[in-house]
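Subject: Handing over the two-chain model

Hi there,

Here is the structure I promised to send over. Have a look at it first, and then read on for my notes.

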Amino acid sequence: MEKSLTQRILITILGWGVALLLFFPIFWMVLTSFKTEAGAIATPPQLIFSPTWSSYVEVQERANYLRFALNSVIISVGGSVLALAFAIPAAYSMAFHPTPRTRGTLLWMLSTKMLPPVGVLVPIYLLFRNLGLLDTQFGLIIIYALMNLPIVVWMLFTFYKEVPLEILEAGRMDGARTWSEVWFLLLPLTLPGVASTGLLSLILCWNEAFWSLNLTSSAAAPLTTFIASFSSPEGLFFAKLSAASTVAVAPILIFGWLSQRQLVRGLTFGAVK
Amino acid sequence: MATVTLRGLRKSYGPVEAIKGIDLDVADREFVVFVGPSGCGKSTLLRMIAGLEQITSGDLLIEGARVNDVGPADRGLAMVFQSYALYPHMTVRQNMGFALRLARVPKAERDRKVEAAAAVLQLQPYLERTPKELSGGQRQRVAIGRAIVRQPKVFLFDEPLSNLDAALRGQMRIELARLHEELQATMIYVTHDQVEAMTMADKIVVLQAGRVEQVGSPLELYHSPANLFVAGFIGSPRMNMLQSEVAGADATGVAIDVGPGARIVVPVQQGQVRQGDRVTLGIRPESLAAYDEGQLAGTVRLVERLGGMTLLHVGTEADLPLIVQTDGADVTSAHAPIRLAVDAAACHVFSADGLALPHLATHRLVARPEA
Amino acid sequence: MAVLLLWMIVPLVMTVWFSFQRYNLLDPSADAFAGIDNYVFLVTDPDFWVSLTNTLILLASVLAITVGLGTLLAVLFDQDFPGRGIARVLAISPFFVMPTVAALIWKNLMMHPIYGVFGAIARAFGLEPVDWFAEYPMASVIAIVSWEWLPFALLILLTAVQSLDHEQREAARMDGAGVFAQFFFITLPHLSRAISVVIMIETIFLLTVFAEIFVTTSGGPGNATTNLAFLIYARALLQFDVGGASAGGVVAILLANIVAFFLVRSIARRLEV
């Protein structure tokens, strides 16, 4: 479609305006993190100032960032991998060997996801205490895998549904058993979808704050716990808070930026098209 | 010896019975075609043989062994699908070698077999391409190649040509027939296209609503259809069907009035048919000819000139539509009055229950197996 | 599969069991069968009804904002303009930010009446800064949650817009459709499935919004921003009333199932589940 110059300029301004507006809070957070505490609460807010690393240094002194970050990585990756490991066969059986109850099961699984996690906190807490899983990475990995399982299964299910049944049947005629059918045919065919499902799960795990706060204290605590320790109401230090937030968000944000193309590709491939 | 035997095969989806008890013997190296209108159960039957559908009851035997509970992977069959079902993420070579790879055949042997199959199908230049880089006909050949590589006991084809254009379909028909001769393999082929059935089959199985209507060689079905359904399904253009009344019946045949004062005697066994019974008279378009002293009078409504032959659409005096097949040089024009002669010996008579009255003599091209 | 279901059902059964018990962590001696007392107490508690309403208001508002704006922005970002790729990456960034951090940034750096950017802007125009969380608590929470989820809606809807067949739009133009007619009769119907996906996934998370409320308003002032998730949390962990909290959890499950039921009725058919 041919557009006039004014239209093009308008669209450019609008597009960039919206993008900057949405990004502004993040930008401001990063900016504030380089201010001194006094500069952070100056009115009117400073746009130009001499940046300092002091907040980052203080944050690192107060809490060992790397340990929290490492926990976050291990738990998010572990939880997502475990969820995929459960979901790949589960979605397979739902998509290709459906029973009359499949649809109901799937929606029921999704509806459990709508349950506030706090509703099952007490039983889970007691269960974890008795199994010795409190404040362990493994415990959180299990919780996260289960937490994301419904969505992961559902997304995989929609991706699987896009695969023509005849291709799998051809595989069966070629001598493929269930396992090789999934491994050689289904997974390669739905790889973009599986990847974006994994990415989404990873993001959700990384950002999860409820279980991590309640089931871990120190040894297995991820970055959400790290942040919580800076947000106590007494003694708010904006610059430190911003610095802590920045380092907590940065890994997943950069990861998200790098993988957004993959994420989009997978989503286009399945659920949306 | 790759024989397939079906004994009382049934398939139900809940309360709905899709396949209603089928008995069939497929001999070694035979080319059997299942034909029927869509929804007749022909694909379901093929998929039951393949193992892709559960068998509700009855027995399926391959080489004499019951395989009802054997999975599709272990039946030793290969199937070519309507959509080709090529693996889109694999090259042609990988597609064709996939079954061997699963069977843990060493790579060298695998390549040798794939290349041999590719040679048969003229696919060598395309071995490293992926399916989406191929034309429809080439994909079709890869699908067939994938089946050949496995050296299966029986080849199964599920409407493999229906996605091709007319010219390519004709060419692939010939290629499949050649392949059958070359491989000396047992093949079961499903189609809704009676031309494919007629041209390729050793034996045609006509199916309707989950039942076998008739089994026989193409010409047997053409010249001695067992009932109205087969008569209408086999043959193009369709057989003309006239509702009639029996004027008389004796040992020489059944007499029918096709018009005022126009009586023909069709040489069929009279059986239970008596004078005055309602019957259906079946006349193939080529059994009618324009002839000034013909028994039937009518008007030409439409002329279809196909070049080598001409089809006349005629309305009789009783306003029944008839199709007449004449040669390409026919000069009859539309709206002209016409008289038609009926070749009584080639006509068919169907009793009120739709069953054909057997002809007194068999057609010379039909070798009737002794019943 | 069986193990999986067991994992999901055990906490559920325990919750139901607790909901019929008088079980207070502060007073273990009082454990006894309570029958439906917990439920009676719950439904007669005005807080419960308020929290139920708040949950639904939050859900409906955020859905309306994200889907509405998301659709418009998706169309905007579908246009070609200089730097579109970067602008898009910036625009979807908030999705990667963990809810705790999002809430903290908004509360302290944006909406804070003294130090926040909004306050500064207001002052620059000579207006009295607004104490957002005190005066418009619910609207503030809705704004934060919308900021988090708008990028997600944008991402999904954008992929859907891009998959729109250009010939279809050209055909519509041949038929004389203007920009708006094209949007309403071609683009919007094409997006219906993607919108269903967005609604489905967002609903799952919006029913259980917790961190944002916990960090910013703690359900207040009064109970103005207490949603069901927060109410249960308050009962269980602040008042240690496990029985009451479990009853709340059961109600939440019921609510989730009711919502799921409506989702099934209205949109799941389009999802081809």
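To start, how are helix 4 of chain A and helix 7 of chain A oriented to each other? They are oblique to each other, a word that applies because the angle is in none of the other classes: under 35 degrees is roughly parallel, over 145 roughly antiparallel and 65 to 115 roughly perpendicular. The axes of helix 4 (residues 65-96) and helix 7 (residues 137-161) of chain A cross at roughly 40 degrees and come within 6 Å. Axes here are lines fitted to C-alpha atoms, for helices over the stretch in contact, with angles from 0 to 180 degrees between N-to-C directions. The crossing of these two helices of chain A is right-handed, that is, the near helix is turned clockwise from the far one by less than a right angle. In the contact of helix 4 with helix 7 of chain A there are 23 nonpolar residues, five polar and one charged. Nonpolar covers Ala, Val, Leu, Ile, Met, Phe, Trp, Tyr, Cys and Pro; charged covers Asp, Glu, Lys and Arg; the others, Gly among them, are polar.

Some housekeeping: this is a predicted model, in which local features need pLDDT of at least 70 and side-chain atom pairs count only at pLDDT 80 or more, while totals for chains, interfaces and linings use all residues. Residues are numbered from 1 along each chain as its sequence is written, and chains are lettered from A and ligands numbered from 1 in the order in which they are written. Helices (H or I, at least four residues) and strands (E, at least two) are DSSP runs numbered from the N terminus.

**Where the chains meet**

The contact takes 15 residues from chain A and 17 residues from chain B, two residues being in contact if their C-beta atoms, placed from the backbone, lie within 7 Å. On the chain A side, helix 8 (165-173) and helix 9 (178-189) are the elements that give two or more residues. Helix 8 of chain A gives the most, with six residues. That side of chain A divides into eight nonpolar, two polar and five charged residues.

**Chain B**

Chain B has eight helices and 20 strands, and its C-alpha trace spans about 80 × 45 × 40 Å along the principal axes. Of its 371 residues, 40% are buried, meaning 20 or more other C-beta atoms within 10 Å (exposed is 12 or fewer, partly exposed in between).

Chain B is divided into domain 1 (4-226) and domain 2 (232-350), with bounds from an automatic or database domain assignment. The C-alpha centres of the two domains of chain B lie 38 Å apart. Six residues of domain 1 are in contact with five residues of domain 2 in chain B. Helix 6 (194-200) and helix 7 (218-223) of chain B each give two or more residues to the domain 1 side.

**Backbone oddities**

Most residues other than glycine have a negative phi, and most peptide bonds are trans. B:S236 and B:P237, however, are joined by a cis peptide bond with omega of about -5 degrees. B:P237 sits in the loop between helix 8 (228-233) and strand 11 (240-250) of chain B. B:A209 is not a glycine, yet has a positive phi of about 50 degrees; B:A209 counts as partly exposed because it has 15 C-beta neighbours inside 10 Å. B:H335 also has a positive phi, of about 70 degrees, and is exposed, with 9 other C-beta atoms within 10 Å.

Best wishes
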